[in-house]
Amino acid sequence: MTDKFMPEGFNISSRENMEAISSLSALEKAVDSGEILESRVIMCDNEHNLVVELGEYNGIIPRNEALMTLPCEESREIAVITRVGKPVCFKVLSVDRSGDMPKIVLSRRLAQQECYDKYIKNLNAGDVIDAKITHEEPFGCFCDIGCGIISLLSIDCISVSRISHPKERFFTGQYIRAIVKRTVRHDGRISLTHKELLGSWEENIAFFKQGETVAGIVRSVEPYGIFIELAPNLAGLAEWRDGIVPGQCAAVFIKSIIPEKMKIKLVTVDSYSCENVNRKLTYFDEREHIDYWKYSPDCCEKTIETIFDDEI
């Protein structure tokens, strides 16, 4: 994948992009070259045209050029007005110097269409791609997978360790790696997954040993025990203890590790507040494509796996 099909904002500060929007002559060259550029939206006017900052000038993305829609989608005003203050990609349609102020017309739709035709349309289940978290809902994250084209990463696909909201794992604007979970060819939709990049049970447990006391995050408190996350793809169970609530940090003693059951028995030593903990994501797989992923050890009684396959 070339950099021009990265999520919006990735190339905005590059030297090539800055030079290409720095002058009228450079913008006129971009009309002929058709290259995809980026800059920041400074306003959405009362007709829902986007005003884009271009050095000492401003460009206009007309409402009908602000967004490409897939066959399964409807164009929504909210998708346009929420671009204010954020970077957008675009192609330069025209530069008119005839008036007192140059009129520069841009198209985000055409940039997205090129991204879709040359990149996204050719993705297959199992492809590992770059993505950017655009916003989060209780059911999952919406991700920019190229030129502002959005795909859903559902909460159950973020990590093996369960979370109650995506904000417990990500923050808006964060760049991540993700895997194409499924493509639906007839309507262009793509869904994402992420947990397969965070390592198998064996890869994660290799960082811990029985008898150690380590830090974790309380993810769930049940009548039969407390689930404590040791890593995004690894959690153990501690005995129930009064006063512990989800979201707290905990110091836990590793009582035993049982690979054949994928179980880690823990003893809570202490718990404390740990607001805004951003645990660094470690990606275990650097391949560009994955056909099959297995989380569970070979000796385990239960098999947890992912087989990547496209829909027609």
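**Exercise 1. Place C299 on the scale from buried to exposed.**

Step 1: C299 has a relative accessible area of 47%. Step 2: Compare this with the cut-offs: buried means under 20% relative accessible area, exposed over 50%, and partly exposed in between, using a 1.4 Å probe and protein chains only. Step 3: C299 is therefore partly exposed.

Before going on, note that this is a predicted model, in which local features need pLDDT of at least 70, side-chain atom pairs count only at pLDDT 80 or more, and totals for chains, interfaces and linings use all residues. Residues are numbered from 1 along each chain as its sequence is written, and side-chain values use heavy atoms, with hydrogens and water left out.

**Exercise 2. Find which cysteines form a disulfide, and describe the link.**

Step 1: Know the test: a disulfide is a pair of cysteine sulfur atoms within 2.5 Å. Step 2: The sulfur atoms of C249 and C274 are 2.1 Å apart, and these two residues form a disulfide. The structure holds one disulfide. Step 3: Now locate the ends. C249 sits in strand β14 (residues 249–258), while C274 is in the loop between β15 (263–272) and β16 (292–294); the pair is 25 residues apart and links distant parts of the chain. Helices (H or I, at least four residues) and strands (E, at least two) are DSSP runs, numbered from the N terminus. Step 4: The link of C249 and C274 is right-handed, with 100 degrees about the S-S bond. Step 5: C249 is buried at 8% relative accessibility, and C274 is buried at 13%.

**Exercise 3. Explain why C115 and C147 are not bonded.**

Step 1: The closest cysteine sulfur to that of C115 belongs to C147, at 4.0 Å. Step 2: This is too far for a bond. Step 3: C115 itself is buried, at 0% relative accessibility. Step 4: Return to C299, which is in no disulfide either; the nearest cysteine sulfur is that of C300, 6.5 Å away.

**Exercise 4. Describe the surroundings of R108.**

Step 1: R108 belongs to helix α4 (residues 108–118). Step 2: With a relative accessible area of 2%, R108 is buried. Step 3: Look for a polar contact (a pair of N or O atoms within 3.5 Å; within protein, one must be able to donate a hydrogen and the other to accept it, and residues adjacent in sequence count only if both atoms are side-chain atoms). The R108 side chain reaches the backbone oxygen of A66 at 2.9 Å. Step 4: Contact means heavy atoms within 4.5 Å. Leaving aside neighbours within four places in sequence, R108 is in contact with residues including E8, E65, R83 and F90.

**Exercise 5. Find which residues touch the most other members of the largest nonpolar core.**

Step 1: A nonpolar core is a set of buried Ala, Val, Leu, Ile, Met, Phe, Trp, Tyr and Cys residues joined through side-chain atoms within 4.5 Å. Step 2: The largest core has 32 residues, and I120, L153, F170 and L192 touch the most other members. Step 3: Elements that each supply at least two residues of this core include α4, β6 (128–137) and β10 (189–193). Step 4: A second, separate core has 21 residues, among them F208 and V252.

**Exercise 6. Summarise the whole chain.**

Step 1: The chain has five helices and 17 strands. Step 2: Of its 312 residues, 48% are buried. Step 3: The C-alpha atoms fill a box of roughly 75 × 40 × 35 Å, taken along the principal axes.
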